[in-house]
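Grab a pencil and work through these short exercises with the structure open beside you. Try each task yourself before reading its solution.

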Amino acid sequence: MMNTIRSKQTLIIAAIILLAVFLFTRDIKGLVKPKKETSGVPAGGQLTSAGSTINLTEVSTAAKNSINANLAAEITTLENAYKTASEDQKVNAAKVLAEKWDDVEQAVPSALYLEIIAGKERNLNSWLAAGGRLMKAFDNTQDSLISPVLLQKANAAYTNAVALDSTNLEAKTGLGITVVSGMGAPMSGIAMLLDVIKKDPDNLKANMSLGTFAIKSGQFDKAITRFNGIIAKKPSPDAYFYLATAYENLGKNKEAVEAYLNSKKLAANPTLSNFIDKKVAELKTKN
């Protein structure tokens, strides 16, 4: 019995990680993705108070090493302009850098500059922008040292946003997702997301997060209902992939195959297509 449970848990985690690798680079927001175990994220799922911070200079250097040399040189020029800017010009210089880093798909440095901007402007939109980019960076990074810090920063940004407007659904959704992802007791985050759904039943981010949490917790029937509802409103490759994962874990292989093929069709990603072709062939042998 225990071996069966462990096998299912392994299947769930493997499927979600594969989806993350293939699809999260497409700026899919609001998903709860299992992270590699880190010293800052204990087994219970709640982050401890991490003493570590993120060094912007080090992050920038690493990011520049992964992009075109000409683009890296352009960013270095912008960074120098930021460092020498007067206090009243630093926000504008930071905005230019945040946008440039986002253009080259480097979410971590982009998020850190948006956090700097939010700390200066301290308005709702700035905190929402910082929270969203920090969660994108958290979803995308494979760095186990900075991952929990990014989540903490996102939680702080959304907490500040909620403090400014407790009725703002984007702020409440973001805060709920950070809690579900490790910043507190998961059920309190679920409660936040369910409250958002009551006010906005079609809220994509909240529904996606609730659906993926249902998969992680083994509530596959609930996940199927959630993702079918999402697909009825806005079909997407990630929603179909998660739906397929839920069907597969219930042994509904025919439905899983159909959902996987729909994910493949919408994603049009060669690597994902190859994975799905193998998965479909495997499931068909079980029918």
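**Exercise 1.** Find out which elements of this predicted model have the lowest and the highest mean pLDDT.

*Solution.* Start at the bottom: helix 1 (residues 2-23) has the lowest mean pLDDT, 48. Now go to the top, where helix 5 (residues 107-121) reaches 97. For the whole protein, the average pLDDT is 85, and 82% of the residues score at least 70.

**Exercise 2.** Work out which stretches keep a pLDDT under 50, and how many contacts beyond four places in sequence the model gives them.

*Solution.* One such stretch is residues 1-6, with 0 of these contacts. Another is residues 20-51, and there the model has 72. Go easy on the fine print here: where pLDDT is low, the predicted coordinates should not be read in detail.

**Exercise 3.** Describe the overall build of the protein: how many helices and strands are there, and what share of residues is buried?

*Solution.* Count the elements and you get 14 helices and 0 strands. Next, check burial: 47% of the 287 residues count as buried. Last, look at contacts with a separation of 6 or more: 55% of them come from residues 24 or more positions apart.

**Exercise 4.** Check whether the length of helix 13 (residues 253-267) agrees with 1.5 Å a residue.

*Solution.* First, take its 15 residues; at 1.5 Å a residue they should span 21 Å, counting one less than the number of residues. Then compare the end C-alpha atoms: they are 21 Å apart, which agrees. Among the buried residues of helix 13 are Ala256, Val257 and Tyr260. Just past helix 13, alanine 268 has a positive phi of about 50°.

Methods: Residues are numbered from 1 along each chain as its sequence is written. This is a predicted model: local features need pLDDT of at least 70, side-chain atom pairs count only at pLDDT 80 or more; totals for chains, interfaces and linings use all residues. Side-chain values use heavy atoms; hydrogens and water are left out. Helices (H or I, at least four residues) and strands (E, at least two) are DSSP runs, numbered from the N terminus. Buried means under 20% relative accessible area, exposed over 50%, partly exposed in between (1.4 Å probe, protein chains only). Contact means heavy atoms within 4.5 Å. pLDDT is the predictor's confidence in each residue, from 0 to 100.
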